[in-house]
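Here are my notes from going through this one, written as numbered points so you can pick at them separately. Have the viewer open while you read.

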Amino acid sequence: PLTNLRIKIKAPSNRRDGDENAGDAAPFAILDRIAVKNGTGDEECIAAHEECTTPPTTVIEEVWCEDCDWDGLATKLECDGIHNRSVPTTDEYMTMRRAYVEVVGESDSTISPLTEDDGFMVPHRAGQAGEKGRGIFATEFIAKGTPVLNFRQVATFEDGASIRRFLSKIPRLLACDYLYWAYTEWDEQAQRHFQSVDLDDSALCNDGRNKEDQNLGCDPEGSLSHGDVGCNKYSYATKDIQPG
């Protein structure tokens, strides 16, 4: 499977290895869950995470899991086994993309305009990768230095409140996916953290723990040949990748 050794590490912890600036300053999403009564007033439902039989009318609770850490959120959302669920469909990715644009606004969206395209630039398939869970597999040979994916569908959040609103607008399983896919980064220029998530199949790339496992990332020769100094446009094959 394709394995990406990220500078931005996807993990339950907010702290990148060796990064003393990361941590509580960039909390994982603390999910606000809005409990509402349906139009008949005789049932309660949770907006977006449980189906309401009629339109919500009365907000009866505004904060849910306010002090939860990542583990607390995953427990509340019942995310156990999420790695074994099916690969998200295009419709599910579009649900997440639309919710993101709705929350941050089109002018601040990093994925506008909305499209059904994913970021992969080579033939691939998404599926189960054994104990690693879901993963991405090359279906054709990929030579070292080839651009493999772009960052077209990378959604970025600048504050926790936006993340909470985003999670409240998508189905529970997709909210679980977000918890496992999201990664926190440090903006040196702005001196603040922000959080991003890949809203396409690239989210399913397994993260390598060392360079020996890595086959995606920044390839200096490949990036130079594509006028992409610093690998800001694409992620490249860092070694020859065989199908499978």
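1. Let's start with a cysteine: Cys176 has 0% relative accessibility, so it counts as buried. Bear in mind throughout that this is a predicted model. Its partner is Cys79, with the two sulfurs 2.0 Å apart in a disulfide. Cys79 is buried as well, because its relative accessibility comes to 1%.

2. What does that bond hold together? Cys79 sits in the loop between α1 (70-76) and α2, while Cys176 belongs to helix α4, so the link ties parts of the chain that are 97 residues apart in sequence. The torsion about the S-S bond is -85 degrees, making the link of Cys79 and Cys176 left-handed.

3. How many disulfides does the structure hold? There are 2. Besides the pair above, Cys218 is bonded to Cys231, again with an S to S distance of 2.0 Å. Cys218 is in the loop between β12 (216-217) and α5 (220-225), and Cys231 is in the loop between α5 and β13 (234-237), so this bond ties together parts 13 residues apart in sequence. The link of Cys218 and Cys231 is right-handed, at 75 degrees about the S-S bond.

4. Burial at that second bond is worth a look. Cys218 is partly exposed, since its relative accessible area is 42%. Cys231 counts as buried, because its relative accessibility is 11% and the cut-off for buried is under 20%. While you're checking cysteines, Cys205 is buried too, with a relative accessible area of 4%.

5. On to helix α2 (residues 90-104). Does its length add up or fall short? With 15 residues at 1.5 Å a residue, α2 should span 21 Å, and the end C-alpha atoms are 21 Å apart, so the two agree. Right after α2 comes Gly105, with a positive phi near 90 degrees.

6. Which residues of α2 are buried? They are Tyr93, Met94, Met96, Arg97, Ala99, Tyr100, Val101, Val103 and Val104. When you read that list, remember that an α-helix has 3.6 residues a turn, so residues three or four places apart point the same way. The cover over the buried residues of α2 includes β8 (154-157), α3 (160-168) and α4 (172-181). Helix α4 is also where Cys176 of the left-handed disulfide sits.

7. The one I'd zoom in on is Arg97, which lies in helix α2. Arg97 is buried but has no salt bridge: Asp200, the nearest side chain of opposite charge, is 5.2 Å away. The cut-off for a salt bridge is 4 Å, so that pair doesn't qualify. What the Arg97 side chain does have is a polar atom 2.8 Å from the backbone oxygen of Leu199. Not counting neighbours within four places in sequence, the contacts of Arg97 are Ile111, Leu114, Thr115, Glu116, Asp117, Gln153, Leu199 and Asp200.

8. Last stop, Thr146, in the loop between β6 (134-138) and β7 (147-150). Thr146 is partly exposed, because its relative accessibility is 25%. Its side chain reaches the backbone oxygen of Ala143 at 2.7 Å. Beyond four places in sequence, Thr146 touches Val122, Ser235, Tyr236 and Ala237. The C-alpha atoms of Thr146 and Lys239 are 9.2 Å apart, with these positions 93 residues apart along the chain.

Technical notes:
Residues numbered from 1 in each chain as written. Predicted model: local features only at pLDDT ≥ 70, side-chain atom pairs only at ≥ 80, totals over all residues. Heavy atoms only, no water. Helix = DSSP H or I, 4+ residues; strand = E, 2+ residues; numbered from the N terminus. Buried < 20%, exposed > 50% of the residue type's maximum accessible area, 1.4 Å probe, protein only. Contact = heavy atoms within 4.5 Å. Polar contact = N/O pair within 3.5 Å; in protein donor to acceptor, adjacent residues only side chain to side chain. Expected span 1.5 Å × (residues − 1). Lys, Arg positive; Asp, Glu negative; His and termini not counted. Disulfide = S-S within 2.5 Å.
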